[in-house]
Number of protein chains: 2
Amino acid sequence: MEKRDPEIITEKELMRTWSRFMRAQGKIIGLVPTMGYLHQGHISLIEEARKYTDLLVVSIYVNPGQFSPTEDLSTYPSDFRGDIDKLTALPGGVDVVFHPQNLYDYRNNGSESGDNDTSSGATRRNNNSGDAKEEGREEAVMSCIERQSGNAHETWIRVERLERGLCGKSRPVFFRGVATVVAKLFNIVEPDVAVFGKKDYQQWRVIRRMVRDLDFPINVIGSEIVRDDDGLALSSRNVRLSTEEREKALSINMSLSRAKIAAQNGQVSCSDLRNSVIQAIQEAGGKVDYAEIVSQENLEAVEEIKSPVVFSVAAWFGKVRLIDNMEIDVRVQHVNTQVWT
Amino acid sequence: MEKRDPEIITEKELMRTWSRFMRAQGKIIGLVPTMGYLHQGHISLIEEARKYTDLLVVSIYVNPGQFSPTEDLSTYPSDFRGDIDKLTALPGGVDVVFHPQNLYDYRNNGSESGDNDTSSGATRRNNNSGDAKEEGREEAVMSCIERQSGNAHETWIRVERLERGLCGKSRPVFFRGVATVVAKLFNIVEPDVAVFGKKDYQQWRVIRRMVRDLDFPINVIGSEIVRDDDGLALSSRNVRLSTEEREKALSINMSLSRAKIAAQNGQVSCSDLRNSVIQAIQEAGGKVDYAEIVSQENLEAVEEIKSPVVFSVAAWFGKVRLIDNMEIDVRVQHVNTQVWT
């Protein structure tokens, strides 16, 4: 198959025009939302999306709305030219890369415009804490694009129960930022199918629930985690691990893997399973943010594994926060071909 | 023009199929969302929508998500057969009445289904306060369909600044419920144009802001207030006023009208204008919820009228809460042909 550059679209209106033109010809359109710095995990999402669609849009946009002012927006890795090269090299390629400059800039939206406060159109490097803090809001929810007055962006989607636990505890702005930007992308790209990775398990559940609750006409598919040969779940943040930190970080997938086997061998007490994972990560030098066993659909904590659960972990190694998720179904035989123990 | 019954559609999927079929034929589709019990105000929205569209959908759905458990969901008036008769009698009619039973029932949504808790599919008469209160949520935001766990509806759209003031103060669940149900209707009906009345001025602004911020591909139009001959703004709730209460309620539009003339004659101090309206309503026996002069776009309070504002009032007469809104632009000549003084 001949290699071809994807079409790069940066404007919302052009993106929607492309989609509508293609849909009018009966094409099924897929969307894979990313923040760029693509790796094999993203490629697997693209390959999954291709199964269900005629045409593929990959969005590359680092969304300031899901970062708090103290988080790593300014150091989030990026390599747009490298991303395009990777997509071009794919067998089959992708059709469009949607790469907007700023999804929160409404100054060209006619009468319902943004104001002239340029900070309302937040840039990637704008880690200004805004004025929200000063007025002392009731909710401690503030992202890099927050404002207290004027015409700047102010609409947020909250998936109120699913957003609370796991990563939501330490990242209170994260899921409302993700849900909101994904809704925006859905309304701009108008895909039939969207694919999210189960690596970000809670995110996938939040998006599925949002799509159901807001009646988006989109089929949301969860794609399996892709791991390196040593078992570490692929993440754009892995590049920031030192060799030593990376070695230590393997304690996450190794302990999760052991926990899965233990559960399938009958050890279904969640406190025991959690303790062993926490201990393994701590002994390796990691700092556990959480290690919880929750139901797959609601992400509500369980005490004993009876129905399908996910063992969800977040831990810091150095300055890098990693997450991993292991689905466990004790009703089925253990069939993993590769285990890191 | 021959009279014709509108097609009545109750299922989400059928509604979307109809819209997509029509759009594929190049038709421009309009949506007028209503809670039924139609009056001339609704008819004016329909007539406004017809200017911009080929086909018209009127939705009739009393949305439990915008009522708190202590509000008047159970007594909200309804007359579906009468509504259909009124729509049929319209010159040009309407094409579809979308009349879903329950927009929050997801039991037919495949794997991302609702749970078996039938209260998740709230009915109109279900004023159950749910279990949210018991757990003492951080935010005092709870509607008639609120749940604390399980798979029930949990996604809410917040337009964080515009939802706070005016009606948002006394009705904390209202605008998130409105924004959420309107987003659902937008995703189900997929209209090109939607029309809202300026009678519910804050609602109109909330919806416009949501559409901008979430990039809905929909043109939201505000339609002017329709008043009875005596000047009372039309509302489905007016039917619940006694003759005497209705007479007293005219103090709202009369005092607003006087305030507008005063402002256009140079009296631009908002505290003076507000005091005279509050006094007039109180003297008539009404209980003022709020009487505020705010900028038209942000709904932020102003002290002196320099740019276009809206004078926004909510007041109780007996058990009925009425709202009215008067746009004031001191830069233009007073041109009202009818004033109630």
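This passage describes the relation between chains A and B in a predicted model and one sheet of chain B. Local features are restricted to pLDDT of at least 70 and side-chain atom pairs to pLDDT 80 or more, whereas totals for chains, interfaces and linings use all residues; side-chain values use heavy atoms, without hydrogens and water. Residues are numbered from 1 along each chain as its sequence is written, with chains lettered from A and ligands numbered from 1 in the order in which they are written.

A turn of 180° with a shift of 0.0 Å along the axis lays chain A on chain B with an RMSD of 0.0 Å (least-squares superposition on the C-alpha atoms of residues with pLDDT of at least 70 in both copies). This is the relation of a two-fold axis. The same surface serves both copies, as 100% of the contact residues of chain A recur in chain B (contact: heavy atoms within 4.5 Å). Within chain A, the residue that comes closest to the rotation axis is A:Ile157, its C-alpha lying at 2.2 Å.

In chain B, an open antiparallel sheet is formed by 3 strands in the order E8-E9-E10. Strands (E, at least two residues) and helices (H or I, at least four) are DSSP runs numbered from the N terminus, and pairing requires at least two DSSP bridges between two strands. Strands E8 (287-295) and E10 (320-328) of chain B are the edge strands, each pairing on one side only. Neighbouring strands of this sheet are turned by 10° against each other on average, direction ignored (axes are lines fitted to C-alpha atoms, for helices over the stretch in contact; angles run from 0 to 180 degrees between N-to-C directions).

Strand E9 (residues 309-317) of chain B pairs with E10(B) in the antiparallel sense over 9 bridges. B:Phe311 stands opposite B:Met326 in E10(B). Helix H9 (residues 270-283) of chain B lies across E8 and E9 of chain B and runs at about 155° to E8(B).
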